[in-house]
Amino acid sequence: MMTTRLSAHLWSGPLACALSFAGLLPAQSVTFNKQIAPIVYNNCSSCHRPGEAAPFSLLSYQDVMKRGRTIASVTAARFMPPWKAEAGSYAFKDERRLKDSEIALIEEWVKQGMPEGKAGDAPAPPKFASGWMLGEPDLIVEMPAAYHVKADGPDIYRNIAVPLGLTEDKWITAIDMKPSARSVVHHVLYFADPNGKAHTRPQQGPEPGYSGMRPGGEAEPLGGWAVGAQPHMQPAGLAIPVAKSSDLVVQYHFHPNGKPAEEKSVIGLYFAKRAPDRTLVPLQLPPTYSLFSGLDIPPGERDFVVRDSYTIPVALDAVSIGAHAHYIGKQLKMTATLPTGEVKTLLWIKDWDFSWQDRYFFQEFVPLPKGTRLDAEVHWDNSAENPRNASSPPIRVQWGEQSKDEMGSLTLVAVPHDEADLPVLRRDILMHRNQMARARMTADPDLRRKVAELLGQ
């Protein structure tokens, strides 16, 4: 009896599904309501809805049916849903990578003419508490005036400060952003000025804010937003402190795209209910986005590589990881070699895409014992065969702020396993960066001048 039941389950369940897609059994009937809607609603609708970045909605059968062939094509190519991280040694939260079986179901549904199915099989369309992906923010901040981005010209770095009006200390657990001119906002960095004076700085020129890559004062970093990034809540017990009376400084990197645009963002802040248990610390390799790594890529170079290693001085618990490069970035990887000699992959992006720059949160904290060596490598492809190369024919590419220049690094965010080790960790990270900077600037006087210009000195 047990054998009969098991056989029936296999032939009517996953085995039958696999065999039918392999052409060994007649294809099962696939409908939107029964099989496709759950895939779309769980993986696509959060972005494909009114007010979000995606260009069309996927909230109903009609929405999905109209785009069915396109959806089958982009999911089969794994272009959508956007998820650039390969499966590594540790699982990530909120993975948008579809299973092979889900991709096969979409393809089969399209082949069968995209039937809607029985009304009783239809799941309820997803409901969002507000226009914000994380729900209604605790504080909504709007830029005081629009910044006008010209149709053409060099990239622009602009700081716009807004008083938050906080009457007590707060702890930020997430930030979400709604750009009004998303196509020209390359990325944004957030800072908190605890002195609350950044908004009183004189405006430079007719546009709001002031120029440069330094927000000024004693501004503390709060994170950032980049094209393709999704907002995330910090894990429970973790948050970034913001002192009362602070200003929020939003540092924009604008990339003109041939059309004039007006950018006037709305930003949502989410607060934790109590002070964090431990302090979040970013660890970037190579430091300063490879500024001190000899980033000078000849035209035609297919695989220019920069590497950096760092041995952590205290035990850490890794929280999240992300990567950054520009157009000709190709591959980015960070591994951790534990004191036992075991090598773990923290993040590996094999096909970097400038348009999808996300931060990946580990499903659980990743324990990294004292003495663990972190190894990072960034690869660039400056050949004519690289379809994402912004220059045709390829030109020499060096480190720079413009989008056609290059940068590259991976940033691991972690907390000390023991909060008492925080000062040791911070000093050691700073020492690693300064040693690399001194060595490179001693050998390259031009780099010394470039750094002075970046710092406004």
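**Two open sheets, a buried aspartate and some salt bridges**

Strand β12, covering residues 281-285, has four of its five residues buried, so the rest of the structure largely encloses this strand. The model discussed here is a predicted one. On its paired side, β12 runs antiparallel to strand β21 (residues 408-416), and five bridges hook the two together. For anyone wanting to check the register, Gln284 sits opposite Thr411 of β21.

Zooming out, β12 belongs to an open sheet of four strands, laid out in the order β12-β21-β15-β18 with antiparallel pairing. The edges of this sheet are β12 and β18 (359-368), each of which pairs on one side only. From one strand to the next, the twist comes to 25° on average. So much for the pairing; there is also a helix to place. Helix α7, made of residues 422-443, lies across β12, β15 (316-325) and β21, and its direction is at about 25° to that of β12. Strand β12 thus combines two things: it is an edge strand of its sheet, and it is largely enclosed, because four of its five residues are buried.

A second open sheet is also built from four strands, this time in the order β1-β11-β4-β8, and here too the pairing is antiparallel. Its edge strands are β1 (139-142) and β8 (240-242), each with pairing on one side only. Ignoring direction, neighbouring strands in this sheet are turned by 45° against each other on average. At the β1 edge, four bridges connect β1 with the antiparallel strand β11 (residues 266-271). One handy reference point is Val141, whose bridge partner in β11 is Ile267.

The β1 end of things also brings in charge. Side chains of opposite charge can pair when their charged atoms come close. Over the whole structure, a search turns up 16 salt bridges. One of them links Glu142 to Lys264, with 2.6 Å between the closest N and O atoms. Glu142 is part of strand β1, while Lys264 is in the loop between β10 (261-263) and β11, so this pair ties together parts that are 122 residues apart in sequence. Both ends are partly exposed: Glu142 has a relative accessibility of 45%, and Lys264 has 28%.

Another salt bridge brings together the side chains of Lys170 and Glu168, at 3.2 Å from N to O. Lys170 is partly exposed, with 23% relative accessible area, and Glu168 is partly exposed as well, at 45%.

Arg388 and Asp351 make a further side-chain salt bridge, at 2.9 Å from N to O. Arg388 comes from the loop between β19 (373-380) and β20 (397-398), and Asp351 from the loop between β17 (343-349) and β18, so the pair ties together parts that are 37 residues apart in sequence. As for accessibility, Arg388 is partly exposed at 25%, and Asp351 is partly exposed at 32%. This pair does not stand alone, since salt bridges with shared partners join Lys84, Lys330, Asp351, Asp353 and Arg388 into one network.

Asp155 tells another story. This residue lies in the loop between β2 (147-149) and β3 (156-163). Asp155 is buried and yet has no salt bridge; Lys404, the nearest side chain of opposite charge, is 9.3 Å away. A salt bridge needs the nitrogen within 4 Å of a carboxyl oxygen, so Lys404, at 9.3 Å from Asp155, is out of range.

What the Asp155 side chain does have is a couple of histidines. It makes a polar contact of 2.8 Å with the side chain of His253, and a polar contact of 2.7 Å joins the side chains of Asp155 and His255. Beyond the neighbours within four places in sequence, Asp155 is in contact with His253, Phe254, His255 and Pro256, and also with Glu401, Gln402 and Ser403. Anyone setting up this region may like to keep the picture in mind: Asp155 is buried without a salt bridge, and its side chain has polar contacts with the side chains of His253 and His255.

Terms used:
Residues numbered from 1 in each chain as written. Predicted model: local features only at pLDDT ≥ 70, side-chain atom pairs only at ≥ 80, totals over all residues. Heavy atoms only, no water. Buried < 20%, exposed > 50% of the residue type's maximum accessible area, 1.4 Å probe, protein only. Lys, Arg positive; Asp, Glu negative; His and termini not counted. Polar contact = N/O pair within 3.5 Å; in protein donor to acceptor, adjacent residues only side chain to side chain. Contact = heavy atoms within 4.5 Å. Pairing = 2+ DSSP bridges. Axes fitted to C-alpha atoms, helices over the stretch in contact; angles between N-to-C directions.
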